Amino acid sequence: MKEVVCFFLKGREFGVDVSQMKTIANETKLIPRDGLPEYVKGIVDIHGEQVPLLDYEQLFTIPDNQKRNELRYVVFNVTCGSFAIECDGISEIVSVEDSSVQGMPGFFNQDETNYADCMIQKKDKQLVLVMNPNRMLTKEQAQEVKKIIDELEEERKEAERKRIEEERRRKEEEKRQREEELARMREENGDSEKPSDTPDQAQEENNE
């Protein structure tokens, strides 16, 4: 049994094994970043995590078809970390028997489909090419993407460290202000809080 998430690229249906799919997200703001390779469009924030957005058209060839209008992001779990690509629609999650899983036919151009893992046949007899995200990148590209991912993680940790430090300073400042306010109140109420003389003390002062 194989479970596959199906989605559309340029109107053509593709799939990826659920074990390599991290999440699916709606369109989000693209964050530009200097020094990125040409196949990386920028950085996207997916459910609070920043990941590189790869331009699949720069990485492999997919024939044009009638595109759908549903812009979504699919985020893959790969050896170098996580990255996203844009798709133009989500199809479904399908479970297929091993008998419906086929190797890549020999007539496919291996250079153009090196990202492919296998093909599955859905219940409607539709054939879907199943991608292997780890094969989308060359060894050098994977190293470049890993460097970007590591930099993003370091920036996240630094931002979290600063947030914690700022929170600590804020609490210390609030504590200082409370202590100053209490000290001021004690000073203002000092005379009224001073205990009055006892009758015996008053008598002793009169005798003197």
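This is a short selection-by-selection tour of a predicted model, going from paired strands to the nonpolar core and then to a pocket.

**Stop 1: the E1–E2 hairpin.** Select residues 2–9, strand E1, along with residues 12–17, strand E2. The two run antiparallel and share six bridges. For one rung of that ladder, pick Cys6, whose bridge partner in E2 is Gly15. Now look at the turn: two residues sit between the strands, and Lys10 has a positive phi near 55 degrees. Is E2 mostly covered or not? Colour it by burial and you'll find five of its six residues buried.

**Stop 2: the other partner of E2.** Add residues 127–131, which make up strand E12. This time the pairing with E2 is parallel, over three bridges. Zoom in on Val16 and you'll see Met131 of E12 standing opposite.

**Stop 3: around E7.** Next, grab residues 72–78 for strand E7. Six of its seven residues are buried, so call this one mostly covered too. Bring in E3, residues 21–26, and you have an antiparallel pair joined by five bridges; Met21 is bridged to Phe76 of E7. Then show E8, residues 81–87. E7 and E8 are antiparallel as well, with seven bridges, and a hairpin connects them through two residues. Val78 has Gly81 in E8 as its bridge partner.

**Stop 4: the largest nonpolar core.** Which of the 32 residues in this core touch the most other members? Show Phe7, Leu9, Phe76 and Met131 as sticks, since those are the ones to see. Elements supplying at least two residues each include E1, E2, E5 (40–46), H1 (56–59) and E12. Helix H2 gives the most, with four residues.

Stay on Phe7 and list its contacts, skipping neighbours within four places in sequence. Among them are Phe14, Gly15 and Val16, plus Val74, Phe76, Cys87, Ile90 and Met131.

**Stop 5: the second largest pocket.** Finally, move to the pocket with about 230 Å³ of space. Select Asp45, Gly48, Glu49, Gln50, Val51, Pro52, Ser82, Ile149, Leu152, Glu153, Glu155 and Arg156 to light up the lining. Which element gives the most to it? That's H2, with five residues; H2 spans 139–188, and strand E6 (49–54) also supplies at least two. Colour the lining by class and you get five charged, four nonpolar and three polar residues.

Definitions and conventions. Residues are numbered from 1 along each chain as its sequence is written. This is a predicted model: local features need pLDDT of at least 70, side-chain atom pairs count only at pLDDT 80 or more; totals for chains, interfaces and linings use all residues. Side-chain values use heavy atoms; hydrogens and water are left out. On a 1 Å grid over the protein atoms alone, a cavity is a set of points where a 1.4 Å probe fits but cannot get out, and a pocket is an open set with protein on both sides within 12 Å along at least five of seven lines; lining residues have an atom within 4 Å of a point. Grid points are joined across faces, edges and corners, and a volume is the space filled by probe spheres set on the points. Ala, Val, Leu, Ile, Met, Phe, Trp, Tyr, Cys and Pro count as nonpolar, Asp, Glu, Lys and Arg as charged, and the others, Gly among them, as polar. Buried means under 20% relative accessible area, exposed over 50%, partly exposed in between (1.4 Å probe, protein chains only). Two strands pair if DSSP finds at least two bridges between them. A nonpolar core is a set of buried Ala, Val, Leu, Ile, Met, Phe, Trp, Tyr and Cys residues joined through side-chain atoms within 4.5 Å. Contact means heavy atoms within 4.5 Å.
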